[in-house]
Amino acid sequence: VSYYHEQDKILKYARGSTSSAGDLIWSTEVVDDSFEVGAYSAIDLDHTGSVYIAYSDGQNGNLKLAHN
């Protein structure tokens, strides 16, 4: 899941996994910590599992792309 962190005005990514006990565990990371980025984002995975996130740069009016 990609999402806009309203308080910090940055783009974040969250990934869920299952523990050995069957519990869902979420881990998060910052995708872009530039000011006012990520208010509108879309996320996709390719056939190898690579993550691609397209998002807006509200400060400069640009479309950006992040991938791992």
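**Figure 1. A look into the largest pocket of this predicted model.** Ten names are worth finding here: the lining is made up of Y13, R15, E29, V31, G49, V51, I53, A66, H67 and N68. The space inside comes to about 190 Å³. Which strands supply at least two residues each to the lining? They are β2, β3, β5 and β6. How do we spot empty space like this in the first place? Rolling a probe the size of a water molecule over the atoms shows where space is left.

**Figure 2. The whole chain, for orientation.** Before zooming in again, it helps to run along the chain from the N terminus: the elements read β-β-β-β-β-β. That makes six strands and zero helices. Along its principal axes, the C-alpha trace spans about 45 × 30 × 15 Å. Of the 68 residues, 25% count as buried. Now take the contacts between residues at least 6 apart in sequence: 25% of them join residues at least 24 apart.

**Figure 3. Strands β1 and β2 make a hairpin.** Strand β1 covers residues 2-5, and β2 covers residues 10-18. The two pair in the antiparallel sense, with four bridges between them. To find your place, look for Y3, which stands opposite K12 in β2. Four residues sit between the two strands, and one to check in the turn is K9, with a positive phi of about 60 degrees.

**Figure 4. Strand β2 also forms a hairpin with β3.** Here β2 pairs with β3 (residues 24-32), again in the antiparallel sense, over eight bridges. Pick out R15 and follow across to its bridge partner in β3, S27. Five residues lie between these strands, and G22 in the turn has a positive phi of about 90 degrees. If you trace the side chains along a strand, keep one rule of thumb in mind: in a regular strand they alternate between the two faces of the sheet.

**Figure 5. Strands β4, β5 and β6 form an open sheet.** The order is β4-β5-β6, and the pairing is antiparallel. Which strands are at the edges? Those are β4 (37-45) and β6 (62-67), each of which pairs on one side only. On average, neighbouring strands of this sheet are turned by 20 degrees against each other, ignoring direction. Between β5 (residues 51-57) and β6 there are six bridges. One spot to look for is D57, which stands opposite N62 in β6.

**Figure 6. A close-up of S2 and the residues around it.** S2 lies in strand β1. Is S2 buried or exposed? Its relative accessible area is 14%, and since buried means under 20%, S2 counts as buried. Its side chain makes a polar contact with the side chain of S41, at 2.8 Å. Leaving out neighbours within four places in sequence, S2 is in contact with L11, K12, Y13, S41, A42, I43 and I53.

**Figure 7. A42, one of the residues in contact with S2.** A42 belongs to strand β4. With a relative accessibility of 45%, A42 falls between the 20% and 50% limits, so A42 counts as partly exposed. Not counting residues up to four places away in sequence, A42 touches S2, Y52, I53 and A54. Look for Y3 as well: A42 and Y3 are 39 residues apart along the chain, and their C-alpha atoms are separated by 8.9 Å.

Note on methods: Residues numbered from 1 in each chain as written. Predicted model: local features only at pLDDT ≥ 70, side-chain atom pairs only at ≥ 80, totals over all residues. Heavy atoms only, no water. Buried < 20%, exposed > 50% of the residue type's maximum accessible area, 1.4 Å probe, protein only. Polar contact = N/O pair within 3.5 Å; in protein donor to acceptor, adjacent residues only side chain to side chain. Contact = heavy atoms within 4.5 Å. Pairing = 2+ DSSP bridges. Axes fitted to C-alpha atoms, helices over the stretch in contact; angles between N-to-C directions. 1 Å grid on protein atoms, 1.4 Å probe; cavity = no way out; pocket = protein on both sides within 12 Å on 5 of 7 lines; lining within 4 Å. Points joined across faces, edges and corners; volume = space filled by probe spheres on them.
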